[in-house]
Amino acid sequence: MYSQGLIGADGTTHEDEEFLAAFQARIDAELKIEPNDPMPAGYRKTLVRQIAQHAHSEIVGMLPEGNWITRAPTLRRKAALLAKVQDEGGHGLYLYSAAETLGVSREELVGQLLSGKAKYSSIFNYPAITWADIGTIGWLVDGAAIMNQIPLCRCSFGPYARAMIRVCKEESFHQRQGYEIMLTLCKGSDEQKAMAQDALDRWWWPSLMMFGPHDADSTHSDQSMAWKIKRFTNDELRQKFIDATVPQAEFLGLTMPDPDLKWNEEKGGYDHGEIDWDEFWRVVKGDGICNRDRMKARRKAHDDNTWVREAALAYAEKTAARETAVAAE
Ligand SMILES: [Fe+2]
Ligand SMILES: [Fe+2]
């Protein structure tokens, strides 16, 4: 399906410099590209990969927190966490739908996730060990997701950009509920504060990795920027995240686990220590603490729910048959 060149609405592929220039001019004029518009095969392919990876991350991202719903400390916390985890499932659904407008089916995308062919964000391969991890995930992981996703509201591809507007509103609630858990713990007993610090120590570096490799090592960056799928580079977004998050940690009275972290007056941002890229690549390649568990849980959920898909199909067939029978009367 994704041969080189352009795929028009008629499904044919051709290479045409004039078209490519006109397409780029449309993007430069900040006009949205819609599903039925002709587009370069590479643009379509990049979007399918990125949107699918994003959808998979939302769905797999339900696992570390879903694990805490039955153990939330109060009814209020349980209700908020339940709502958040459901939101993430909803984000996955909007995103699979956005990807489907590009001519790829949800079954195919889910199949790629379950076979291990498609990636999802590595952050979800870390375990949520204590209740403070739930606070930290909301604060840092959803916080990093917001940094990444706000510019996507202006992505050149219409359905992705529009999906992101609602997603970002919900993410902001997720971030606040996480930060509020951290505030409560940090105002609590010494044990609670120590629990909050321990969670920050474990999640800080993996959240910085969420922005992906340094710009110099990022394979898809330049073209995505030109197509206005991406608006900021990985390093720019990481810097924004650090600058926004350090004062929040100070307000909590927590210490960032990075001795090299310091304010750089000249650049007007924080300098930070080097990220452990070996760890990043190890987790991306499937060898993180929870990679196997996460995939096992996803496959089990898919298998356990076969009857739901079958029942929905049978119902749709029955309804269609009934409608045909009524129409024939
Ligand atoms: Fe989300
Ligand atoms: Fe979220």
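## The iron site

What spacing do the donors of the iron ion (ligand 2) follow along the chain? In this predicted model, the pattern reads E-x53-D-x28-E-x2-H. Put names to those letters and you get Glu88 (OE), Asp142 (OD), Glu171 (OE) and His174 (ND1), sitting 1.9 to 2.2 Å from the iron ion (ligand 2). Don't look for a neat geometry here: the four donor atoms subtend angles of 89 to 162°, so the arrangement counts as irregular.

There is a second metal to look at as well. The iron ion (ligand 1) lies 3.4 Å from the iron ion (ligand 2), and glutamate 88 coordinates both. Glutamate 88 belongs to helix H4 (residues 75-100) and glutamate 171 to helix H7 (residues 158-186), so this pair ties together parts that are 83 residues apart in sequence. Both of these glutamates are buried.

## Salt bridges beside the metal

Aspartate 142, one of the donors of the iron ion (ligand 2), has another partner too. Its side chain meets that of lysine 84 in a salt bridge, 3.0 Å from N to O. Since aspartate 142 is in helix H6 (residues 131-149) and lysine 84 in helix H4, the pair ties together parts that are 58 residues apart in sequence.

Are these two partners buried or exposed? Aspartate 142 counts as buried because its relative accessibility is 4%, and lysine 84 counts as buried at 1%. The bridge also belongs to something wider: Glu65, Lys84, Glu88 and Asp142 are linked in a network of salt bridges. Two members of that network, Glu88 and Asp142, also appear among the protein donors of the iron ion (ligand 2).

## Other links along the chain

The salt bridge count comes to 16. One of them pairs glutamate 180 with arginine 76, at 2.9 Å from N to O. Here the elements involved are helix H7 for glutamate 180 and helix H4 for arginine 76, so the contact ties together parts that are 104 residues apart in sequence. Glutamate 180 is partly exposed, with 30% relative accessibility, while arginine 76 is exposed, with a relative accessible area of 53%.

Then there's glutamate 30, which forms a salt bridge with lysine 228; their closest N and O atoms are 3.6 Å apart. Both ends are in loops: glutamate 30 between helix H1 (17-28) and strand E3 (39-40), lysine 228 between helix H9 (221-226) and helix H10 (234-252), so the pair ties together parts that are 198 residues apart in sequence. Glutamate 30 is partly exposed, its relative accessible area being 43%.

Key: Residues are numbered from 1 along each chain as its sequence is written. Chains are lettered from A and ligands numbered from 1 in the order in which they are written. This is a predicted model: local features need pLDDT of at least 70, side-chain atom pairs count only at pLDDT 80 or more; totals for chains, interfaces and linings use all residues. Side-chain values use heavy atoms; hydrogens and water are left out. Donors are N, O and S atoms within 2.8 Å of the metal (3.2 Å for Na, K and Ca); water is not among the atoms, so sites may look incomplete. Four donors count as tetrahedral if all angles lie between 85 and 135 degrees; four count as square planar and six as octahedral if opposite donors are over 155 degrees apart and all others between 65 and 115; anything else is irregular. Helices (H or I, at least four residues) and strands (E, at least two) are DSSP runs, numbered from the N terminus. Buried means under 20% relative accessible area, exposed over 50%, partly exposed in between (1.4 Å probe, protein chains only). A salt bridge is a side-chain nitrogen of Lys or Arg within 4 Å of a carboxyl oxygen of Asp or Glu.
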